[in-house]
Amino acid sequence: MKYTIKQLRTEFGTDAKCLQFVFDNRYKDFICPQCKATGKFYLIESRKRFDCVCGFTLSPLADSFIRKSSTPLTKWLEALYLVSNGISIKGLQRELGVTYKTSWRMWKIIAKKEQSGKIIAWSAKSAERKKQIINFIFNGESQDNLAKSATEKTGKEDTTLITKQGLTN
């Protein structure tokens with residue numbers, strides 16, 4: 001059974017759902033470095049981040065190509081689905097209700113990733129699809145690779161790793 005745009009819109013209908021999805025898949029069983037609590041994070045949707053009850057801040061989109069994009073995450077995921085299914089730039093503009101410039105930029109980024117083999121096959125298997133979406137958002141880097149590259153860049157251990165994965169104080 002093929003995954004459809006209707007299913008995508010149901011699963012990722014709001015930016016809050018998208019951010020929660022990225023947070024859940026990127027920071028499984030994350031322990032707050034300040035208060036040592038697990039699962040005490042709540043979403044600050046207007047800032048695209050999660051805060052712990054102690055005040056510690058976590059940005060799930062750090063190190064991603066969409067971290068500074070003003071285009072909603074829902075539109076990015078829809079664009080990803082549509083481009084991987086062969087839509088044109090003009091078709092993307094009509095379907096998403098964005099400007100031509102925005103649709104061109106989104107299409108180019110997704111098409112470039114598609115050429116490098118980092119595109120989603122949109123299988124009906126939920127676990128596989130979720131892994132592919134996370135890999136796409138973070139430029140094909142797995143969590144292990146993100147952590148490893150952060151350590152290699154700085155030569156420091158745990159605190160730097162956490163900072164490089166999107167945590168801020």
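# A walk through the chain, starting at helix 3

Helix 3 is mostly covered, with 10 of its 12 residues buried. This is a predicted model. The buried residues of helix 3 are Leu73, Thr74, Trp76, Leu77, Glu78, Ala79, Leu80, Tyr81, Leu82 and Val83. How far apart should the ends of helix 3 be, at 1.5 Å a residue? Its 12 residues should span 16 Å. The end C-alpha atoms are 17 Å apart, so the model agrees with the expected span. After helix 3 comes Gly86, whose phi is positive, near 90°.

Now step back to the whole chain. It has eight helices and four strands. Read along the sequence, their pattern is α-α-β-β-β-α-α-α-α-α-α-β. The chain has 169 residues, and 40% of them count as buried. Take the contacts in the chain with a separation of 6 or more. Of these, 54% join residues 24 or more positions apart.

Next, look inside. The largest nonpolar core holds 36 residues. Which residues have the most contacts inside this core? They are Phe12, Phe41 and Ile137. Several elements give two or more residues to the core: helix 2, strand 2 (49-52), helix 3 (73-84), helix 4 (89-96), helix 5 (100-115) and helix 6 (126-137). Helix 3 gives the most, with eight residues.

Ile137 deserves a closer look. Leave aside its neighbours within four places in sequence. Ile137 is then in contact with Val22, Leu61, Ser64, Phe65 and Ile66. One of these partners, Val22, is among the buried residues of helix 2.

That brings us to helix 2. Its buried residues are Cys18, Leu19, Phe21, Val22, Phe23 and Arg26. Helix 2 covers residues 15-26, which makes 12 residues. At 1.5 Å a residue, they should span 16 Å. The end C-alpha atoms are 16 Å apart, so expectation and model agree.

How do helix 2 and helix 3 meet? Two packed helices are described by the angle between their axes and the distance between the axes. For helix 2 and helix 3, the angle is about 75° and the axes are 8 Å apart. Angles from 65 to 115 degrees count as roughly perpendicular, so helix 2 is roughly perpendicular to helix 3. On the helix 2 side, the residues are Asp15, Cys18 and Leu19. They meet Leu73, Thr74 and Leu77 in helix 3. Sorted by class, this contact has four nonpolar residues, one polar residue and one charged residue.

Move on to helix 4. Here Ile89, Gly91, Leu92, Gln93 and Leu96 are buried. What do the buried residues of helix 4 pack against? They pack against helix 3 and helix 5. After helix 4 comes Gly97, whose phi is positive, near 70°.

Ile89 shows one case in detail. This residue is in helix 4. Its relative accessible area is 15%. Buried means under 20%, so Ile89 is buried. Its C-alpha atom is separated by 5.9 Å from that of Ser103, which is 14 residues away along the chain. Neighbours within four places in sequence aside, Ile89 is in contact with Tyr100, Ser103, Trp104 and Trp107.

Loops hold buried residues too, as Thr71 shows. Thr71 lies in the loop between strand 3 (57-58) and helix 3. Is Thr71 buried or exposed? Its relative accessible area is 8%, so Thr71 is buried. Without its neighbours within four places in sequence, Thr71 is in contact with Lys48, Trp76, Thr102, Arg105 and Met106.

Lys48, a partner of Thr71, is worth a stop. Lys48 sits in the loop between strand 1 (41-44) and strand 2. At 19% relative accessibility, Lys48 counts as buried. Now check the backbone. Most residues other than glycine have a negative phi. Lys48 has a positive phi, near 55°.

Asp63 also has a positive phi, near 70°, and is a residue other than glycine. Asp63 is found in the loop between strand 3 and helix 3. Its relative accessible area is 35%. Partly exposed runs between 20% and 50%, so Asp63 is partly exposed.

Conventions: Residues numbered from 1 in each chain as written. Predicted model: local features only at pLDDT ≥ 70, side-chain atom pairs only at ≥ 80, totals over all residues. Heavy atoms only, no water. Expected span 1.5 Å × (residues − 1). Buried < 20%, exposed > 50% of the residue type's maximum accessible area, 1.4 Å probe, protein only. Core = buried A, V, L, I, M, F, W, Y, C linked by side-chain atoms within 4.5 Å. Contact = heavy atoms within 4.5 Å. Axes fitted to C-alpha atoms, helices over the stretch in contact; angles between N-to-C directions. Parallel < 35°, antiparallel > 145°, perpendicular 65-115°, else oblique. Nonpolar A, V, L, I, M, F, W, Y, C, P; charged D, E, K, R; others polar.
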